[in-house]
Amino acid sequence: QDFSFKIRNWIRPEKFYQYKAAELGYSSARNVFTAKNIWIEPRYDKYDFSGKISYQTDHFSGKIDSVRMLQPQIKRWFDLKEITGRSLVVDGLDLKIYRDKSKPFDEKRRPKMLQEMIKSISYPMSVDSVVFSGAKIEYSERTPTSDGEGKIYFTDIVVLLKINFFS
């Protein structure tokens, strides 16, 4: 017997960004949690965003076609508020990152290292592997000495991380 649910048009607004997903769902018959058409939408374009913050910071925008957690342990979520599963599969990441380096760098706001970001996840999380396929990342920045911005593109990214990940 299948227990399943779908949440359509999920939206989470925050101060500088709005997060959206066209569909969130779970199926016990397939034992998979799925999120489809996920968007991170900035509330301001990259230039207005930069004007609202007095120091260097990254401006993000992008989408993910789908994220699937295979073999999630739903009981652990309900009982322990812990996200646990076999693997996390991310398809079709398309991320744009912009930084205005003409702003001063705030030494007190150093970017976190990967292990610090993992430790700061608000829910305990455990997965054996993370897979990215069909990913694209565009990074652009404006330096204090340039009139325009420089860009670098990464396309057709495929990553398999075999880990024993627990935050």
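**Exercise 1. Identify the residue with which Arg 12 forms a salt bridge, and give the separation of the closest N and O atoms.**

Solution. Arg 12 pairs with Glu 14, and the closest N and O atoms are 2.8 Å apart. A salt bridge here is a side-chain nitrogen of Lys or Arg within 4 Å of a carboxyl oxygen of Asp or Glu. The model is predicted, so local features need pLDDT of at least 70 and side-chain atom pairs count only at pLDDT 80 or more, whereas totals for chains, interfaces and linings use all residues. Residues are numbered from 1 along each chain as its sequence is written, and side-chain values use heavy atoms, with hydrogens and water left out.

Next, consider the accessibility of the two partners. Arg 12 is partly exposed, at a relative accessible area of 45%, and Glu 14 is partly exposed at 33%. These classes follow one scheme: buried means under 20% relative accessible area, exposed over 50%, and partly exposed in between (1.4 Å probe, protein chains only).

**Exercise 2. Determine which elements are joined by the salt bridge between Glu 41 and Lys 20, and how many residues separate the partners.**

Solution. The closest N and O atoms of Glu 41 and Lys 20 lie 3.3 Å apart. Glu 41 belongs to strand 3 and Lys 20 to strand 2, so that the pair links distant parts of the chain, 21 residues apart. Helices (H or I, at least four residues) and strands (E, at least two) are DSSP runs, numbered from the N terminus. Both partners are partly exposed: Glu 41 has a relative accessible area of 27%, and Lys 20 one of 25%.

**Exercise 3. State whether Asp 94 is buried or exposed, and compare its salt-bridge partner.**

Solution. Asp 94 meets Lys 96 in a salt bridge of 3.7 Å, N to O. Asp 94 is buried because its relative accessible area is 18%, while Lys 96, at 36%, is partly exposed. For the wider setting, a search of the whole structure finds 15 salt bridges. A network of salt bridges links Arg 8, Glu 23 and Lys 36. Side chains of opposite charge can pair when their charged atoms come close.

**Exercise 4. Describe the largest nonpolar core and name the strand that gives the most to it.**

Solution. A nonpolar core is a set of buried Ala, Val, Leu, Ile, Met, Phe, Trp, Tyr and Cys residues joined through side-chain atoms within 4.5 Å. The largest one has 16 residues, and those with the most contacts inside it include Ala 35, Ile 38, Ile 64 and Leu 88. At least two residues come from each of strand 2, strand 3, strand 4 (58–70), strand 6 (87–100) and strand 7 (125–142). Strand 6 gives the most, with five residues.

Now follow Leu 88 outward. Apart from neighbours within four places in sequence, its contacts (heavy atoms within 4.5 Å) include Val 67, Met 69, Met 125 and Val 131. Met 125 is placed in strand 7 and is buried, with a relative accessible area of 14%.

**Exercise 5. Report the volume of the second largest pocket and the classes of its lining residues.**

Solution. On a 1 Å grid over the protein atoms alone, a cavity is a set of points where a 1.4 Å probe fits but cannot get out; a pocket is an open set with protein on both sides within 12 Å along at least five of seven lines; lining residues have an atom within 4 Å of a point. Grid points are joined across faces, edges and corners, and a volume is the space filled by probe spheres set on the points.

The second largest pocket holds about 170 Å³. Of its 13 lining residues, the closest to the centre are Lys 6, Glu 23, Gly 25, Arg 30 and Thr 34. Strand 1 (4–13), strand 2 (17–27) and strand 3 (32–42) each give two or more residues to the lining, with strand 2 giving the most, five residues. By class there are four nonpolar, four polar and five charged residues. Ala, Val, Leu, Ile, Met, Phe, Trp, Tyr, Cys and Pro count as nonpolar, Asp, Glu, Lys and Arg as charged, and the others, Gly among them, as polar.

**Exercise 6. Locate the element that supplies the largest share of the lining of the largest cavity.**

Solution. The search finds one cavity of 30 Å³ or more. The largest cavity has a volume of about 60 Å³, and its lining includes Phe 49, Tyr 55, His 59 and Tyr 98. Helix 1 (46–52) and strand 6 each give two or more residues; the largest share, three residues, comes from helix 1.
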